[in-house]
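Colleague: I've just loaded this one and would like a guided tour. Mind if I fire questions at you?

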Amino acid sequence: MDKYVIHGGKTLSGSVSVSGAKNSCLALMPSTLLTEGKNIIFNVPEVNDTFTMIKLLNELGAKTKFENYKLELDTSHIVSQTAPYEHVKKMRASVYVLGPLLAKYGFAKVSMPGGCAWGPRPINLHLEAMEKLGAEIKLEEGYIIAKANRLHGAKINFDVSSVGATGNALMASVLAKGTTLITNAAIEPEIVHLERYLQKMGAKINGIGSSHLEIEGVDELKPAGITNIPDRIEAGTLLIAAAITHGKIKLLYKESEHIESVLTKLDDSGAKLNIEEDFIEIDTTDSDINSIDVTTSIYPGFPTDMQAQWTAYMTLSNGTSTITDNIYLDRFKHVPELVRLGANIEVRNNSAIVKGVKKLIGAKVMSTDLRASASLVLAGLAAEGTTEILRIYHLDRGYQKIEQKLQKLGADIERVTTKEY
Ligand code: EPU
């Protein structure tokens, strides 16, 4: 098991690039099950979640080759339609194989994901969408068993906008017979990229990028290649790493529109930003951190996946801020750990009330989930003294060797093997 040891207080400077987006890849990869042949995805991040998805696809029969962020997926000989508990319990996004397996093979057996580290994360919308498309669904011994001769077009309106349910409904409907209308579809960049990939495979989708999708099912899809988008959450996390240490960095990131909500809040907090086509410069060397409220919402709102990092940033602000998570009402496991570092935070319902303190002081803390871990790294970079972060396997699920990127920017952070748990 690894931990991070951070000697805080170093001001970050220099330039850093952003890896491929984890959440986009986790949708692109299973979509190749809709084809038979060799697909290629470029700019795939080397993170544990993509490795887990590769293992799952291998188990289904896909042959893969992963080198230099290029992932080849040969789906010519799919031999199983079962996503076992062993994979799904590690990574909920495994449920993304449901739609494509059902559409292509008429059968899918996928373990129910169960709870998540910070609270309930239901998949009712995924199942309802499959049923609308004509699947017969049973829940047996912890598994979803879905069957259909051939899916048919349907009208699917999501009461709640859901990234995963939109992805699954899309992957199922592209091979369904007839027209499917998806309303209140998620418009997160990761879903829009999936739409583009499906289109490259030959899917007929109208309304790409919008919340109103019209899909004309086709009989077959052809293997295709695509370059994954960069990770907007990693981009936002690195910008806050600069901001919380009063640093100045250049982020080599071309998709600034994907993080507009985060950039606006950073600007409000006093950071000086220079946004160009190929990079973003952030300079916080002379600025105070203004206390700025955020409320998470669906894209293009402030992402829930940046909530913990913003909370860490606000611990050192000059006033009181309220950070409300409207997507995941219980996503505050980072708060007690930030408090161990000297932060003044109180959780009330789905809000964290953060009273800025003059300084944080290093301590031993524990990762509880991916973004919570990122918030602890940020706090540790700014804290006086030494911060040790245990259980960083959570972080390894979604950030590609973030310590190396931070070291390059001048942070004193080290990965150390430990027996501590
Ligand atoms: N929801 C339902 N029923 C469903 C599905 C979702 O009620 O069947 C609710 C959820 O409880 C939540 C809201 O809908 O309140 C949105 O959840 P969504 O389905 O959009 O989330 P997801 O697809 O399970 C993806 C990301 C998450 C990210 C959320 C929200 C992937 C693999 N995961 O999850 O990423 O937080 O969208 O943007 O794309 C992370 O990377 O740390 C992470 C958790």
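Colleague: Let's start inside. Which residues touch the most other members of the largest nonpolar core?
Modeller: By nonpolar core I mean a set of buried Ala, Val, Leu, Ile, Met, Phe, Trp, Tyr and Cys residues joined through side-chain atoms within 4.5 Å. Buried is under 20% relative accessible area, exposed is over 50%, and partly exposed is in between (1.4 Å probe, protein chains only). The largest core holds 70 residues, and those touching the most other members are Leu57, Val97, Val110, Leu151, Leu170 and Leu198.

Colleague: Before I trust that, what pLDDT do side-chain atom pairs need to count?
Modeller: Residues are numbered from 1 along each chain as its sequence is written, and side-chain values use heavy atoms, leaving out hydrogens and water. This is a predicted model: totals for chains, interfaces and linings use all residues, local features need pLDDT of at least 70, and side-chain atom pairs count only at pLDDT 80 or more.

Colleague: Take valine 97, then. What is it in contact with, leaving aside neighbours within four places in sequence?
Modeller: Contact means heavy atoms within 4.5 Å. With those neighbours set aside, valine 97 is in contact with Pro30, Leu33, Leu56, Leu57, Leu60, Ala83 and Val110.

Colleague: And how many residues are in the other core?
Modeller: This core lies apart from the largest one. Its members include Ala235, Leu341, Leu370 and Leu406, and the count is 64 residues.

Colleague: On to the ligand. Which residues are the closest to it?
Modeller: A residue counts as near if one of its heavy atoms lies within 4 Å of the molecule. There are 22 residues around the ligand, and the closest are Asn124, Ser162, Val163, Asp305 and Ile327.

Colleague: Which helix supplies the largest share of that shell?
Modeller: Helices (H or I, at least four residues) and strands (E, at least two) are DSSP runs numbered from the N terminus. At least two shell residues come from each of α1 (22-31), α5 (124-132), α6 (163-173) and α12 (370-382). The largest share, three residues, belongs to α5.

Colleague: What about polar contacts? How far is the backbone N or O atom of valine 163 from an oxygen atom of the ligand?
Modeller: A polar contact is a pair of N or O atoms within 3.5 Å; within protein, one must be able to donate a hydrogen and the other to accept it, and residues adjacent in sequence count only if both atoms are side-chain atoms. Lysine 22 puts a polar side-chain atom 3.0 Å from a ligand oxygen, and arginine 121 does so at 3.1 Å. For the backbone atom of valine 163, the distance to a ligand oxygen is 2.7 Å.

Colleague: How much of the ligand's accessible area does the protein cover?
Modeller: The areas come from the Shrake-Rupley method with a 1.4 Å probe, and for residues only the protein chains shown count as cover. On its own the ligand has 830 Å² of accessible area, and the protein covers 85%.

Colleague: Back to lysine 22. How far is proline 45 from it in space, C-alpha to C-alpha?
Modeller: Proline 45 sits in the loop between β3 (38-42) and α2 (48-60), and it counts as buried because its relative accessibility is 2%. Beyond four places in sequence, its contacts include Lys22, Cys25, Phe66 and Gln400. Proline 45 and lysine 22 are 23 residues apart in sequence, but in space the gap is 6.4 Å.

Colleague: Is cysteine 25 buried or exposed?
Modeller: Cysteine 25 lies in helix α1 and touches Pro30, Val44, Pro45, Thr50 and Asn228, not counting residues up to four places away. With 0% relative accessibility, cysteine 25 counts as buried.

Colleague: Which residues of α4 are buried?
Modeller: Helix α4 covers residues 98-105 and is mostly covered itself, with six of its eight residues buried. They pack against α1, α2, β7 (107-111), α5, β9 (143-147) and α6. The buried ones are Leu98, Gly99, Pro100, Leu101, Leu102 and Ala103.

Colleague: Any odd backbone geometry? Which residue does a cis peptide bond join to tyrosine 299?
Modeller: Most residues other than glycine have a negative phi, and most peptide bonds are trans. Here the cis bond has an omega of about 10°, and the partner of tyrosine 299 is proline 300.

Colleague: And what is phi of arginine 391 near?
Modeller: Arginine 391 lies in the loop between β23 (386-390) and α13 (393-396), and it is buried because its relative accessible area is 19%. Its phi is positive, in a residue other than glycine, and near 60°.
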